[in-house]
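Got your viewer open? Here's a short walk through this structure, one selection at a time.

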Amino acid sequence: MKKKFFLVIFSILFLFPSKITADILYLKNGRKIDGKIVEKNEKGVLLKIAGGTIDFSHQEIERIESSQMPVDEIFSPKEIYLKQKKEIDPSDPEAHFKLGEYCYTHNLLDDAFFEFEEAIGLDKSYLKKTEEYRKFLKQKEAIDCLNNVIDLNNSGKYELAKIRLDEIRKNFSKFYEKNKLEKFNIVLERNLMTARYEGKLREAISDKARERGFFQTDTTNFKIFADNEKSAKLMAKKIEDLRDEVAKKLGFTFLRKWAVPCKLYIYSDLSKFLEDSGAPAWASGWQKIFFKVTQKIVGDAVLFEVLVSERRIMVYEETTMFISKATAHELGHMIFLEFIDGKSIPLWFNEGIAVCAQRIRPLNERNLLKKIKNNDSYKVVNLLEIKEYPEDQTIFYAQSANIVKFLLEECGAFNFIKLAKRIKSGEDFYAAFYDVYRGYFRDALSLEDAWVKYVEKKAKYEFKL
Ligand SMILES: [Zn+2]
């Protein structure tokens with residue numbers, strides 16, 4: 001590395017005078033300015049200084065003296081380069097090479113690349129001489145390209161970002177670690193898929209809502225659409241308080257205003273609700289939260305930030321409880337999933353949270369205890385493994401919710417938030433789960449013991465009431 005440094009210094013001295021005759025302006029106000037007079041007329045002088053030129057009238061100037069000054073104190077590297085470029089013999093490859101080196105050491109990388117290419121065009125032996133420089137310049141170009149891909153991705157132009165990334169993978173693959181490029185590729189693929197899905201869904205829902213002539217009303221955090229004005233107005237009156245209530249139930253003391261409001265669709269017609277949401281026949285609510293991944297390069301690291309790009313809730317106005325039940329349930333899903341950046345969590349935990357958010361619970365502890373005693377409930381070890389919605393949803397939802405309730409009430413909201421933070425950071429769910437609650441239970445079996453004790457205690461209390 002050092003060797004090259006000396007070579008560069010030598011070439012600069014060879015090609016560029018290091019000092020030039022400069023002018024020192026002594027002004028009447030006592031100031032002294034160094035530069036080079038580039039123009040003079042009856043009014044005054046135009047002085048070239050580093051970074052530009054300034055006018056001085058003759059009245060301002062007391063006297064002018066000459067002095068030798070380093071050339072780069074008056075001219076910028078770009079100015080020096082352009083000046084030299086005019087003076088070299090354009091058919092001399094060595095002159096282009098030296099200009100290239102000058103540009104390279106002065107961070108004029110595009111110009112450096114241009115001059116090296118000129119030298120190579122005139123004499124192929126410069127391919128070898130410029131190899132190291134060009135490798136670095138390629139690397140720089142590759143980083144610029146990758147930053148461009150990140151910008152495109154961050155502004156939602158995934159198609160274009162994908163094309164650019166493929167170009168990088170083709171042209172610059174040897175300048176990047178393969179897995180870094182692949183990591184980007186995965187993020188892009190995912191965003192692209194989400195965008196396509198989201199686009200289709202948005203189209204489907206917005207068109208249908210329009211076709212159906214839904215009544216619309218807005219609150220701070222919601223855009224409410226309903227097939228009847230009464231329901232829309234009722235929802236508008238209650239939804240903001242419900243949002244706060246659900247957040248508090250889940251241990252989040254304060255919920256900021258959503259930058260992206262939630263679109264909330266209310267259907268009084270079940271078949272239309274099912275058709276538009278694609279939810280299973282037994283469902284009375286559906287929610288979806290879309291995320292967008294943004295990245296930035298800080299030094300060598302790639303930082304990811306997850307932002308919500310869209311939220312939707314659809315509810316079927318089954319009974320008058322559609323707000324306190326279905327809507328609260330879907331809000332529970334949404335608020336928790338947003339907090340953990342949409343990371344995946346076990347089904348029982350996800351549904352348990354949502355049921356806890358409701359005002360109406362499916363089974364109280366006395367009835368739950370009966371089910372446990374009659375072996376009509378799940379063994380906890382089996383419940384934790386469930387991946388698909390089971391046939392008997394009542395006990396699945398009730399038991400899941402009661403375990404979450406146990407976690408919130410007996411083990412404290414503080415630990416619940418601690419768990420949520422660890423899930424958000426990407427930790428394996430059960431690793432984080434058993435570690436956060438290690439003072440209460442260690443595995444599925446000891447969780448079962450602790451939880452059943454809790455149900456018994458609550459049932460007794462309910463009985464007394
Ligand atoms: Zn649910």
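What follows is a tour of a predicted model, going from its domains to some of its helices.

**Stop one: the domains.** Select residues 2–134 and give them a colour: the domain assignment calls this domain 1. Now pick 343–465, which is domain 2 in that assignment. Taken over C-alpha atoms, the centres of domain 1 and domain 2 are 73 Å apart.

**Stop two: α4 and α6.** Next, select helix α4, residues 109–122, together with helix α6, residues 131–154. Their axes lie 10 Å apart and make an angle of about 140°. An angle over 145 degrees would count as roughly antiparallel, so α4 and α6 are oblique to each other instead. The crossing of α4 past α6 is left-handed. To see where the two touch, show side chains for L109, A112, F113 and F116 on α4, plus Y133, R134, L137 and K140 on α6. This contact of α4 with α6 has 6 nonpolar residues and 2 charged ones, with no polar residues.

**Stop three: α6 and α7.** Keep α6 on screen and add helix α7, residues 158–171. Here the axes are 8 Å apart, at an angle of about 160°, so α6 and α7 are roughly antiparallel. Again you're looking at a left-handed crossing, this time of α6 past α7. On the α6 side, light up A142, C145, L146, N148, V149, L152 and N153. Their partners on α7 are Y158, L160, A161, R164, L165 and I168. By class, the contact of α6 with α7 has 10 nonpolar, 2 polar and 1 charged residues.

Notes: Residues numbered from 1 in each chain as written. Predicted model: local features only at pLDDT ≥ 70, side-chain atom pairs only at ≥ 80, totals over all residues. Axes fitted to C-alpha atoms, helices over the stretch in contact; angles between N-to-C directions. Helix = DSSP H or I, 4+ residues; strand = E, 2+ residues; numbered from the N terminus. Parallel < 35°, antiparallel > 145°, perpendicular 65-115°, else oblique. Left-handed = near helix turned anticlockwise from the far one by under 90°. Contact = placed C-beta atoms within 7 Å. Nonpolar A, V, L, I, M, F, W, Y, C, P; charged D, E, K, R; others polar. Domains from an automatic or database assignment.
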